[in-house]
Amino acid sequence: MSQFRFSRRPDIGDGVRVSFEFFPPKTEAMETRLWETVTRLEPLAPHFVSVTYGAGGSTRERTARTVNRIRTQSSLVPAAHMTCVDASRSQVDEVIGEFVDMGIRNFVALRGDPAEGVGAQYRPHPDGYSNGAELVAAIRKQGDFDVSVAAYPEKHPQSPDFATDFDMLKRKVDNGATRAITQFFFDNDLYERYVERARRAGIYIPIVPGIQPVHNFKQVASFAARCGAHVPAWLAERFDGLQDDPQTHALVAAAVASEQVLDLIERGVSDFHFYTMNRADLAYAICHMIGIRPQPANGGSDAAAA
Ligand code: FAD
């Protein structure tokens with residue numbers, strides 16, 4: 001069984017802010033689906049929405065196109081993910097400049113993983129930025145932007161220990177990061193302990209939990225194994241036998257993620273970042289469960305996320 005405590009307070013959603021993460025679509029059909037998702041989630045007035053950057057910088061154009069479409073065709077504030085893997089400093093600076101010229105003021109700065117995928121040995125480009133902290137500095141050199149960075153409640157899988165992770169997170173903050181977004185996790189105690197340790201290490205920026213609704217348990221479990229996120233036995237039990245029953249799987253996924261978020265709200269968390277996988281239904285249902293309702297048109301987040 002999970003450890004989550006339910007809250008039934010009628011004011012549960014007060015002061016809660018959400019952000020949504022998308023990936024850049026590869027095909028026209030995927031583009032249509034993403035746009036349906038954006039349109040469905042837009043009235044929930046998220047703080048911002050972010051668009052990922054493919055491994056090894058492989059989606060540079062698609063990421064740019066997607067953030068630009070969100071910026072110009074919706075009321076949402078798009079944040080561009082950027083990585084520095086496999087690129088020289090001048091190439092990275094050029095990409096930052098392109099985003100800035102486009103009007104982007106919100107970034108998610110990541111080192112990135114090698115093109116061979118998560119878990120492959122990372123080697124900085126000989127003329128490149130060697131980690132997330134250096135990329136943050138490069139972005140901030142071009143303007144006073146909102147820069148989110150990654151944080152790992154269960155430690156980065158290639159990091160020798162938590163101290164190394166906190167050193168890197170502190171360097172990112174010192175270089176101008178304004179917010180950390182965590183890798184997904186399913187045990188809220190781990191997140192709470194991580195935030196306490198970060199504060200003790202002198203890191204005071206918001207550490208926003210990344211919430212992964214379980215669209216497909218098998219896929220999420222496999223990704224979790226690669227990125228070092230623990231899948232508790234109780235979670236596997238919840239989805240046991242639902243592999244070929246998508247309707248029940250979705251209902252259980254909404255319940256599980258809602259429990260997790262409600263428990264975090266009980267613990268004082270107010271901001272949440274949802275990994276949507278470009279699907280609206282689970283994120284929408286979870287937002288509803290935490291009291292977030294559609295806002296009238298033009299009443300959404302028209303100010304740049306800060
Ligand atoms: P860094 O902060 O540079 O380093 C991560 C950790 O590695 C450090 O905490 C440290 O412990 C260790 N480390 C780094 N350098 C050294 C060193 N010299 N010596 C010892 N230890 C070291 N990937 C993408 O490709 N595209 C995306 O859009 C994307 N979005 C993401 C969004 C979020 C919210 C998160 C959590 C991850 C995302 N990732 C993305 C994955 C990310 O690129 C990988 O986790 C990558 O392995 C590390 O990136 P980082 O920015 O955390 O790296």
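**A nine-strand parallel sheet, questioned**

Modeller: The protein has 10 helices and nine strands. The model is a predicted one.

Biologist: What makes the protein as compact as a globular protein of that length?

Modeller: Set its radius of gyration against the globule rule. The radius is 19 Å, and the rule gives 19 Å for 306 residues, so the protein is as compact as a globular protein of that length. Along the principal axes, the C-alpha trace spans about 50 × 45 × 35 Å.

Biologist: How many of the contacts link residues 24 or more positions apart?

Modeller: Such pairs make up 80% of the contacts with a separation of 6 or more. As for burial, 53% of the 306 residues count as buried.

Biologist: And the surface and charges?

Modeller: The accessible surface is about 14000 Å², and carbon and sulfur atoms hold 50% of that. There are 33 positive and 38 negative charges, with mean positions 1 Å apart.

Biologist: What is the strand order of the open sheet?

Modeller: The order is 7-6-5-4-3-2-1-9-8, with parallel pairing.

Biologist: Why are strand 7 and strand 8 called edge strands?

Modeller: Strand 7 (207-208) and strand 8 (210-211) each pair on one side only. General background: strands of a sheet pair through backbone hydrogen bonds, parallel or antiparallel.

Biologist: How do you know that strand 5 and strand 6 pair?

Modeller: Pairing takes at least two bridges. Strand 5 (residues 146-151) and strand 6 (residues 179-182) have four, in the parallel sense. Within strand 6, alanine 180 is the bridge partner of valine 149.

Biologist: And what joins strand 9 to strand 1 and to strand 8?

Modeller: Strand 1 (residues 17-22) runs parallel to strand 9, with five bridges. Arginine 17 stands opposite aspartate 271 there. Strand 8 also runs parallel to strand 9, with two bridges. Glycine 210 has histidine 273 of strand 9 as its bridge partner.

Biologist: What makes strand 9 mostly covered?

Modeller: Five of its five residues are buried. In a regular strand, side chains alternate between the two faces of the sheet. On one side of strand 9 are Asp271, His273 and Tyr275, on the other Phe272 and Phe274, and all are buried.

Biologist: Now the loop after strand 9. Why is methionine 277 called partly exposed?

Modeller: Its relative accessible area is 34%. The band for partly exposed lies between 20% and 50%. Methionine 277 therefore counts as partly exposed.

Biologist: And why is asparagine 278 called buried?

Modeller: Its relative accessibility is 2%, and the cut-off is under 20%, so asparagine 278 counts as buried. Methionine 277 lies in the loop between strand 9 (271-275) and helix 10 (281-289), and asparagine 278 is placed in the loop between strand 9 and helix 10.

Biologist: What makes the phi of methionine 277 and of asparagine 278 worth a remark?

Modeller: Most residues other than glycine have a negative phi. Methionine 277 has phi near 55°, a positive value. Asparagine 278 has a positive phi of about 60°, and it is not a glycine.

Biologist: One more loop. How do you know that leucine 76 is buried?

Modeller: Its relative accessible area is 6%, and buried means under 20%, so leucine 76 is buried. Leucine 76 sits in the loop between helix 2 (60-73) and strand 3 (78-83).

Biologist: Which residues is leucine 76 in contact with, neighbours within four places aside?

Modeller: Val38, Glu42, Pro46, Val49 and Ile70. Glutamate 42 is 34 residues from leucine 76 in sequence, yet 6.7 Å from leucine 76 in space, C-alpha to C-alpha.

Methods: Residues numbered from 1 in each chain as written. Predicted model: local features only at pLDDT ≥ 70, side-chain atom pairs only at ≥ 80, totals over all residues. Heavy atoms only, no water. Rg over C-alpha atoms; globule rule 2.2 N^0.38 Å. Buried < 20%, exposed > 50% of the residue type's maximum accessible area, 1.4 Å probe, protein only. Contact = heavy atoms within 4.5 Å. Areas by Shrake-Rupley, 256 points an atom, 1.4 Å probe, with all protein chains shown as cover. Lys, Arg positive; Asp, Glu negative; His and termini not counted. Charge placed at Lys NZ, Arg CZ, Asp CG, Glu CD.
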